[in-house]
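Colleague: Could you walk me through this model? I have some questions about its helices, contacts and charged pairs.

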Amino acid sequence: MKEEKFNQIVKDNSERIRRICQYYNSNEQDQDDMFQEILINIWKSLDNFRGDASISTWIYRIAVNTALTYTGKAYKNMKTNNNNITINNLGAFTSKLQEKDKNYANISKRMQYLYWILIPIYLIIGIFEIIFKNPSTNEMLSLLFFASAMLIFALTFRTLHKEYNFVDYSEPTLIMLKKVVKRYTPYQPKTRWVFLAIIFIDAGLCLKEEFGKELLYTQLMFFGALLIGICIGLIIWFRRYKPLRDTAKKLIDEIEETV
């Protein structure tokens, strides 16, 4: 039973393990030796695998840790604390990263569904007003701006869900870590469309009010709420995701220093 499981693992993951060996060593003979060492460690650890993580993630941890040990790139004497994860703890960091990515993907998925629900609601409201209330041009434009903003938010969260839900943890370590840094940076180019959605919402609010004190009050309330939302988002990022990005940066520096 164990032998069959092991053979299946080797069959499904040998190419991925080879890529890891090639990344950490350019010598073909050393790559072969490293590959065999990884297989030995997988065999020894197979009885301890309980499915807490996916089999691919588990194999990735063993392969990377074995490769680092084999090539002497691990800093054996380095100590860690709560704010610093060294190369020796790359497997633990990957596990934590996978948990955070999954959580972020789930949040993005729920937000995406929320906006997909809001879009038809706004469209139904628009149709209802056209039929029964004979709305003004400004009111219809306002509704159109709101619906467009909802569409942009839905598409943005769909993009984020795909990015965080389908992360390839088997990529070469440096590439994987650099993508972590990029993924957990507060501002990302892919989210620039959110600014357009905010402009659309503001335009929709402006079209609902006549020029005067009410419009000024609406603007103050909108941008005040927007500022509070940004501050809350930055606080959440600073506490939950900045440590992840900073750890990835430290690991990148450590690995590049050993090359």
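Colleague: Leaving aside neighbours within four places in sequence, which residues is T218 in contact with?

Modeller: T218 sits in helix α8, residues 213-258, where helices are DSSP runs of H or I with at least four residues, strands are runs of E with at least two, and both are numbered from the N terminus. T218 counts as buried because its relative accessibility is 13%, and buried means under 20% relative accessible area, exposed over 50% and partly exposed in between, with a 1.4 Å probe and protein chains only. Taking contact as heavy atoms within 4.5 Å, the partners of T218 beyond four places in sequence are L205 and E209.

Colleague: Before we go on, what kind of model is this, and which pLDDT do side-chain atom pairs need?

Modeller: Residues are numbered from 1 along each chain as its sequence is written, and side-chain values use heavy atoms, with hydrogens and water left out. This is a predicted model in which totals for chains, interfaces and linings use all residues, local features need pLDDT of at least 70, and side-chain atom pairs count only at pLDDT 80 or more.

Colleague: Thanks! How many helices and strands does the protein have?

Modeller: Reading from the N terminus, the elements run α-α-α-α-α-α-α-α. The count is therefore 8 helices and 0 strands.

Colleague: What share of the contacts with a separation of 6 or more comes from residues 24 or more positions apart?

Modeller: As background, 37% of the 259 residues count as buried. The accessible surface, from the Shrake-Rupley method with a 1.4 Å probe and, for residues, only the protein chains shown as cover, is about 16100 Å², with 58% belonging to carbon and sulfur atoms. Among contacts with a separation of 6 or more, the share from residues 24 or more positions apart is 75%.

Colleague: At which residue does α1 bend?

Modeller: Helix α1 covers residues 2-24, and its 23 residues put the end C-alpha atoms only 29 Å apart, short of the 33 Å of a straight helix; that expected span is 1.5 Å times one less than the number of residues. The bend is the angle between axes fitted to the seven residues ending at a position and the seven starting there. The buried residues of α1 include F6, I9, N13 and I17. The bend in α1 is about 60 degrees, and its place is N13.

Colleague: Still in α1, which residue does R19 meet in a salt bridge?

Modeller: A salt bridge here is a side-chain nitrogen of Lys or Arg within 4 Å of a carboxyl oxygen of Asp or Glu, and by this rule there are 5 salt bridges. An α-helix has 3.6 residues a turn, so residues three or four places apart point the same way. R19 is partly exposed at 37% relative accessibility, and its partner, 4 residues away in helix α1, is exposed at 59%. With 3.8 Å from N to O, the partner of R19 is E15.

Colleague: And what is the N to O distance between D32 and R18?

Modeller: D32 is partly exposed with a relative accessible area of 34%, and R18 is partly exposed as well, at 31%. Their side chains meet in a salt bridge, with an N to O distance of 2.9 Å. The pair links distant parts of the chain, 14 residues apart, with D32 in helix α2 (residues 28-45) and R18 in helix α1.

Colleague: Which residues are linked with R245 in a network of salt bridges?

Modeller: R245 counts as buried because its relative accessibility is 14%. Its salt bridge with D246 has the closest N and O atoms 3.3 Å apart. The network links R245 with K242 and D246.

Colleague: How far apart in space are the C-alpha atoms of Y169 and L97?

Modeller: Y169 lies in the loop between α5 (137-165) and α6 (173-183), and is buried, with a relative accessible area of 11%. Beyond four places in sequence, Y169 touches Y60, T94, L97, Q98, D101 and M176. Y169 and L97 are 72 residues apart in sequence, and their C-alpha separation is 9.5 Å.

Colleague: One last one: is L196 buried or partly exposed?

Modeller: L196 is found in helix α7, residues 193-208. Its C-alpha atom is separated by 7.6 Å from that of A149, 47 residues apart along the chain. Since its relative accessibility is 29%, L196 counts as partly exposed.
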